[in-house]
Amino acid sequence: MSNTQKVLTLNGRTITLIGTAHISQDSINEVTEAIKTQKPDCVAIELDQKRCDSIKNPDSWRQLDIIKVLKRGEGFLLLANLVLASFQKRMGQNVGVRPGDEMVAAMQTAEELNIPTTMVDRPIQVTLRRAWAKNSLFGKCKLLSAMFASAFTSEQISAEQIEELKDNSEMDSMMKELSDYMPTVKEVLIDERDKYLASHIWESKGSNIIAVLGAGHLPGVQAYLEKIATNQESTDTTEIGSIPPKKISSKIASWIIPSIIVILIGLGFYFGGKNKGTELVLSWVIWNGSLSAIGSIIAAAHPLTILIAFIGAPITSLCPFVGVGLLTGITQALICKPKVKDIEDLTKDASSLKGFYKNRILRVLMVFILSSLGSSIGTFVSGAEIISKLSSVFTKTI
């Protein structure tokens, strides 16, 4: 038996875990052969229902409405999805396999044999939101840098290297590196999903189950299944299957900076008079608006979008309910409406900087992110300048 397969006999049930590389022809063959040979009662697949539907309906991208995505606050999630999909697609081109083809093969083989399938992975939106929410500001920056580094890398990978990724020593090394560099991300992407996958595999119907999952999850899922079988772990995934709610302290914090800015400007008017108060207001407007506008310019936004960034940033920075990225993103999408070709070329264009500027949907996402980033930087810069100018007023008063 392949060293990428683990056969577990737990409480009278047989669960065969097949660890795959998502862009491996050998994995496709191994999965297909195992299902045909064993004819299990159920095939559990490392996909969530939404990703399963998109695989079955590859034209679903055509229904993408970028404005609705921004309104739902999913701009970053869409960008992360596209970058990850683009990276896997580019790696798969070198070996002639599309990302997730082994999952497709598992579904098709099971369907041919009238074997039920079940999707046992956590929704990708939940995973990404949890990774983002649980990270510190520094962790978020590391996550973004790693994501974009993978998007624009020119590294090539051979079929032999892909197969090596299924080897325990190679995988252990990668997991340790990820754990050292981004422990929170590793916890969300690997550890939590190991538990989620194991719980849903265990709840699959039948006494003979084949589970198809990435090789990196093999040790963790096996360990959780063995604990579940001996009642050391429950199959309740409610907590890790949901987006962590914002803490009250976080909600309060979102109002702290705007409140401080308003109070400082108010103090400027009170102690320094109309001229000093106006000077502080201008510092806030110029820094916040200019840096947001610069972010939009870097994203090659339409002139009207740049103007919206300049006008909107100083206002939205004082209101946690609406971000300037929402205003600039929607404006850019309305003026430079995405075309069908932009949707069709999304994952391809997401693999290069040139593609980001050429593709209208990706440019909307760039406008959304860079204008927001510029406004955030402007908030801290202008806040520091306001404090400096106000301190001079107090010095003269004293």
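The paragraphs below lead from the protein as a whole to a hairpin, a helix and a pair of serines.

The model is a predicted one, and its protein contains 18 helices together with 5 strands. Of the 398 residues, 45% are buried, while the surface that the protein exposes comes to about 20000 Å², with carbon and sulfur atoms supplying 60% of that area. Among the contacts with a separation of 6 or more, 78% join residues that stand 24 or more positions apart in the sequence.

A convenient place to begin is the hairpin formed by β1 and β2, in which 2 residues lie between the strands. Strand β1 covers residues 5-10 and strand β2 covers residues 13-20, and the two are paired in the antiparallel sense over 6 bridges. Leu-10 has Arg-13 of β2 opposite it, and in the turn Asn-11 has a positive phi of about 55 degrees.

Further along the chain comes helix α6, which spans residues 124-133; because 7 of its 10 residues are buried, the helix is largely enclosed by the rest of the structure. Its buried residues include the polar-named positions Gln-125, Thr-127 and Arg-130 as listed alongside Ile-124, Val-126, Leu-128 and Ala-131.

Two serines then show how a pair of helices can be followed from one to the other. Ser-296 belongs to helix α12, which runs over residues 248-298, and Ser-371 belongs to helix α18, which runs over residues 360-397. Ser-296 has a relative accessible area of 0% and therefore counts as buried, the cut-off being under 20%; Ser-371 is likewise buried, at 0% relative accessibility.

Which residues does Ser-296 touch, not counting those up to four places away in sequence? They are Ala-301, Ile-306, Ala-309, Thr-328, Val-367 and Ser-371. Seen from Ser-371, and leaving aside neighbours within four places in sequence, the contacts are with Ser-292, Gly-295, Ser-296, Val-324, Gly-325, Thr-328 and Met-366. Thr-328 appears in the list for Ser-296 and also in the list for Ser-371, and the side chain of Thr-328 makes a polar contact of 2.8 Å with the side chain of Ser-371.

Finally, the cysteines deserve a look. The structure holds 0 disulfides. Cys-42 is buried, because its relative accessible area of 5% falls under 20%, and Cys-336, at 17% relative accessibility, counts as buried too.

Key: Residues are numbered from 1 along each chain as its sequence is written. This is a predicted model: local features need pLDDT of at least 70, side-chain atom pairs count only at pLDDT 80 or more; totals for chains, interfaces and linings use all residues. Side-chain values use heavy atoms; hydrogens and water are left out. Helices (H or I, at least four residues) and strands (E, at least two) are DSSP runs, numbered from the N terminus. Buried means under 20% relative accessible area, exposed over 50%, partly exposed in between (1.4 Å probe, protein chains only). Contact means heavy atoms within 4.5 Å. A disulfide is a pair of cysteine sulfur atoms within 2.5 Å. Accessible areas come from the Shrake-Rupley method with a 1.4 Å probe; for residues, only the protein chains shown count as cover. Two strands pair if DSSP finds at least two bridges between them. A polar contact is a pair of N or O atoms within 3.5 Å; within protein, one must be able to donate a hydrogen and the other to accept it, and residues adjacent in sequence count only if both atoms are side-chain atoms.
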